[in-house]
Amino acid sequence: MTQQLKTGDKVVMHTCDEAEHYEGRIWTCRSDQFKAANKEQVVFLEGFSGYFVADYLQKVDIQSVSVDQQKRAEAAEQERDKLLAIVEGIYGAALNDVNRWEGGMTVGTPVFQDRVFVKHLVRDLQPFIFAEGSKPDGE
């Protein structure tokens, strides 16, 4: 990317795995572009955990986006946020169960298979909730 991104710039992700996951989402830069410890040019985005490599971001002119497209993007973002809240709730409940079981506490009569399922659920949900390399509170 030749042009430096600035706080408040609107961008979309491209040519990376996250671009497929967040297809059509317009992000707002919450920092100016800077060089990370790994020497890559990065920027922080509103609503995204951790920084993002600037080479995979394309600045967009928000005025050229139609009102209908903006409404669809906002509705999709709201739906994503609702689903993420549900997944975070499930994750939190499962993590509490795992912590209770590992501490020797039981609720009712937990079955061994339930414990294994919940531990796998906690492990499998982490990539969807936490950015790569970050750890949830309490772990």
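F34 is partly exposed in the predicted model, at 29% relative accessibility; buried denotes under 20% relative accessible area, exposed over 50%, and partly exposed the range in between (1.4 Å probe, protein chains only). The residue F34 lies in strand 3. Helices (H or I, at least four residues) and strands (E, at least two) are DSSP runs, numbered from the N terminus. Leaving aside neighbours within four places in sequence, F34 is in contact with E40, Q41, V42, V43, F44 and Y51, where contact means heavy atoms within 4.5 Å. The C-alpha atoms of F34 and V53 are separated by 9.7 Å, at 19 residues apart along the chain.

Residues are numbered from 1 along each chain as its sequence is written. In this predicted model, local features need pLDDT of at least 70 and side-chain atom pairs count only at pLDDT 80 or more, while totals for chains, interfaces and linings use all residues; side-chain values use heavy atoms, with hydrogens and water left out.

The protein contains 3 helices and 6 strands, arranged along the sequence in the pattern β-α-β-β-β-β-β-α-α. Of the 139 residues in the protein, 24% are buried. The accessible surface comes to about 9600 Å², and 52% of this belongs to carbon and sulfur atoms; accessible areas come from the Shrake-Rupley method with a 1.4 Å probe, and for residues only the protein chains shown count as cover. Among contacts between residues at least 6 apart in sequence, 47% join residues at least 24 apart.

Strands 3, 4 and 5 form an open sheet in the order 3-4-5, with antiparallel pairing. Strand 3 and strand 5 are at the edges, each with a single partner strand, so one side of each has no neighbour in the sheet. Two strands are taken to pair if DSSP finds at least two bridges between them. Strand 3 (residues 34-35) is joined to strand 4 (residues 41-44) by 2 bridges. Within this pairing, F34 has V42 as its bridge partner, and K35 has Q41. The hairpin of strand 3 and strand 4 has 5 residues between the strands, and K39 there takes a positive phi near 80°. Between strand 4 and strand 5 (residues 51-53) there are 3 bridges, and V43 stands opposite F52 of strand 5. The hairpin formed by strand 4 and strand 5 has 6 residues between them, with G47 in the turn at a positive phi of about 80°.

A further 3 strands form an open sheet in the order 2-1-6, where the pairing is again antiparallel. Strand 2 (27-28) and strand 6 (57-59) occupy the edges and have a single partner strand each, so one side of each is left without a neighbour in the sheet. Strand 1 (residues 10-13) is connected to strand 2 by 2 bridges, and V11 has W27 in strand 2 as its bridge partner.

The search of the whole structure finds 3 salt bridges, defined by a side-chain nitrogen of Lys or Arg within 4 Å of a carboxyl oxygen of Asp or Glu. In the pair D9 and K59, the closest N and O atoms are 3.6 Å apart. D9 lies in the segment before strand 1 and K59 in strand 6, so this salt bridge ties together parts that are 50 residues apart in sequence. D9 is buried at 12% relative accessibility, whereas K59 is partly exposed at 32%. E77 pairs with R25 at a closest N and O separation of 3.1 Å. This pair links distant parts of the chain, with E77 in helix 2 and R25 in the loop between helix 1 (17-21) and strand 2, 52 residues apart. E77 is partly exposed, with a relative accessible area of 29%, and R25 is buried, with 10%. R80 and D81 form a salt bridge with the closest N and O atoms 2.7 Å apart. Both residues of that pair are partly exposed, R80 at 24% relative accessibility and D81 at 36%.

The largest nonpolar core has 14 residues, of which M13, L45 and L57 touch the most other members. Another core, of 7 residues, lies apart from it and includes A94, V98, V118 and L125. A nonpolar core is a set of buried Ala, Val, Leu, Ile, Met, Phe, Trp, Tyr and Cys residues joined through side-chain atoms within 4.5 Å.

On the surface, L83, I86 and I90 form a nonpolar patch with about 270 Å² of accessible area together. Patches are made of residues with over 30% relative accessible area and no salt bridge, like charges being joined within 9 Å and nonpolar side chains (Val, Leu, Ile, Met, Phe, Trp, Tyr) within 5 Å. L83 belongs to helix 2 (residues 67-102) and is partly exposed, with a relative accessible area of 45%.
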